[in-house]
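Visitor: Hi there! I'd like to talk through a structure with you, if you have a moment.
Guide: Happy to. Let's bring it up and go from there.

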Amino acid sequence: MSDTLVAIFPKLSLPVATGECYPRVTHSESFAKLYMKLFAKSADSRALDDTQLYPYPLQQSVYVKDIPCPSHILITMRDHFRQEFTFNQRVLRKAKVQVAAALQALNTALRDATIVTVHVRRTDYLAHVKNYYKQSPVKDVYYQRAFNFFRNRTHNPVFVVTSDDPEWCKNNFKDKDIVYADRASTYNA
């Protein structure tokens with residue numbers, strides 16, 4: 001996994017665990033309990049600053065089994081995440097080509113549009129939502145409301161949709177400001 005991630009995000013500084021770490025060594029913990037342990041360890045040695053990164057103070061690996069992290073903690077770390085998850089130039093060039101092709105399908109120039117990317121994950125996620133959360137996946141009306149939200153708040157939005165189920169998207173999203181980009185080609189609904 002590390003090799004794959006570093007190929008896409010070359011600035012990653014995350015430590016790499018051995019392959020046997022998860023199945024043999026790692027135990028599960030709720031985020032709240034793990035956070036309290038980390039808070040206690042950090043408070044023992046220095047003043048806690050949520051925006052400062054410290055070496056991992058615990059002696060074991062932990063798998064967070066529930067909600068990964070409250071948003072108020074993630075927000076304070078967003079600049080760090082942006083630095084860590086910076087795409088390499090090859091990925092950026094490929095994305096720019098796909099967006100440019102999608103805009104060309106609408107006869108819209110990049111300078112004239114507000115690009116709104118939409119990722120619709122369906123294939124494996126449908127069963128996950130049903131089994132894990134006991135919920136139904138969101139319907140097309142959810143996306144239509146989101147499209148309208150941006151239509152009412154941005155100038156000339158163009159929605160570039162990517163999905164693991166592009167056929168479902170093309171059957172459900174047919175507005176003139178929606179284009180489709182995937183690995184094989186760019187579509188115009």
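Visitor: What share of the contacts with a separation of 6 or more comes from residues 24 or more positions apart?
Guide: That share is 66% in this chain. Keep in mind that this is a predicted model.

Visitor: Good to know. How many helices and strands are there?
Guide: The chain has nine helices and six strands.

Visitor: And how much of the chain is buried?
Guide: Of its 189 residues, 24% are buried. As for the surface, the chain exposes about 13,800 Å², and carbon and sulfur atoms supply 56% of that area.

Visitor: Let's go inside. Which residues make up the largest nonpolar core?
Guide: There are 12 of them: V116, V118, V120, Y143, F147, F159, V161, W168, C169, F173, I178 and Y180.

Visitor: Which helices and strands supply at least two residues each?
Guide: Those are β3 (114-120), α8 (140-151), β4 (157-163), α9 (166-172) and β5 (178-181). Strand β3 gives the most to this core, with three residues.

Visitor: What other core is there?
Guide: Apart from that one lies a core of eight residues. Its members include A102, L103, V158 and A181.

Visitor: Switching to the outside: which residues make the nonpolar surface patch of about 340 Å²?
Guide: L14, L74, F81 and F85 make that patch.

Visitor: Where is L14, and is it buried or exposed?
Guide: L14 is in the loop between α1 (2-8) and α2 (21-25). It is exposed, with a relative accessible area of 51%.

Visitor: Now charges. How many salt bridges does the structure hold?
Guide: Seven. One of them joins K37 and E29, whose closest N and O atoms are 2.7 Å apart.

Visitor: Buried or exposed, how do K37 and E29 count?
Guide: K37 is partly exposed, with a relative accessible area of 33%. E29 counts as buried, at 10% relative accessibility.

Visitor: Which side chain does R122 meet in a salt bridge?
Guide: R122 meets D165, at 3.1 Å from N to O.

Visitor: Which parts of the chain does that pair tie together?
Guide: R122 is in the loop between β3 and α7 (123-133), while D165 is in the loop between β4 and α9, so the salt bridge ties together parts that are 43 residues apart in sequence. R122 is buried, with a relative accessible area of 13%, and D165 counts as partly exposed at 21%.

Visitor: Nice. What about R151 and D175?
Guide: Their side chains also meet in a salt bridge, at 3.1 Å from N to O. This pair links distant parts of the chain, with R151 in helix α8 and D175 in the loop between α9 and β5, 24 residues apart.

Visitor: How accessible are those two, and which residue is linked with them in a network?
Guide: R151 is partly exposed, with a relative accessible area of 23%. D175 is partly exposed too, with a relative accessible area of 29%. D177 is linked with R151 and D175 in a network of salt bridges.

Visitor: Which buried residue has no salt bridge, then?
Guide: E84 is buried yet has no salt bridge. K11 is the nearest side chain of opposite charge, and it is 9.9 Å away. A salt bridge needs the nitrogen and the carboxyl oxygen within 4 Å, so that distance does not qualify.

Visitor: Where does E84 sit, and what does it touch?
Guide: E84 lies in helix α5 (residues 78-84). Not counting residues up to four places away in sequence, E84 touches F9, K11, L12, S13 and L14. That last one, L14, is also part of the nonpolar surface patch.

Visitor: Last topic, backbone angles. What is the phi of K134?
Guide: K134 has a positive phi of about 60 degrees, although it is not a glycine. It lies in the loop between α7 and α8, and at 65% relative accessibility it counts as exposed.

Visitor: And what is the phi of N156?
Guide: The phi of N156 is near 45 degrees, a positive value in a residue other than glycine. N156 is in the loop between α8 and β4, where it is partly exposed, with a relative accessible area of 33%.

Methods:
Residues numbered from 1 in each chain as written. Predicted model: local features only at pLDDT ≥ 70, side-chain atom pairs only at ≥ 80, totals over all residues. Heavy atoms only, no water. Core = buried A, V, L, I, M, F, W, Y, C linked by side-chain atoms within 4.5 Å. Buried < 20%, exposed > 50% of the residue type's maximum accessible area, 1.4 Å probe, protein only. Helix = DSSP H or I, 4+ residues; strand = E, 2+ residues; numbered from the N terminus. Patch = residues over 30% accessible without salt bridge, like charges linked within 9 Å, V, L, I, M, F, W, Y side chains within 5 Å. Areas by Shrake-Rupley, 256 points an atom, 1.4 Å probe, with all protein chains shown as cover. Lys, Arg positive; Asp, Glu negative; His and termini not counted. Contact = heavy atoms within 4.5 Å.
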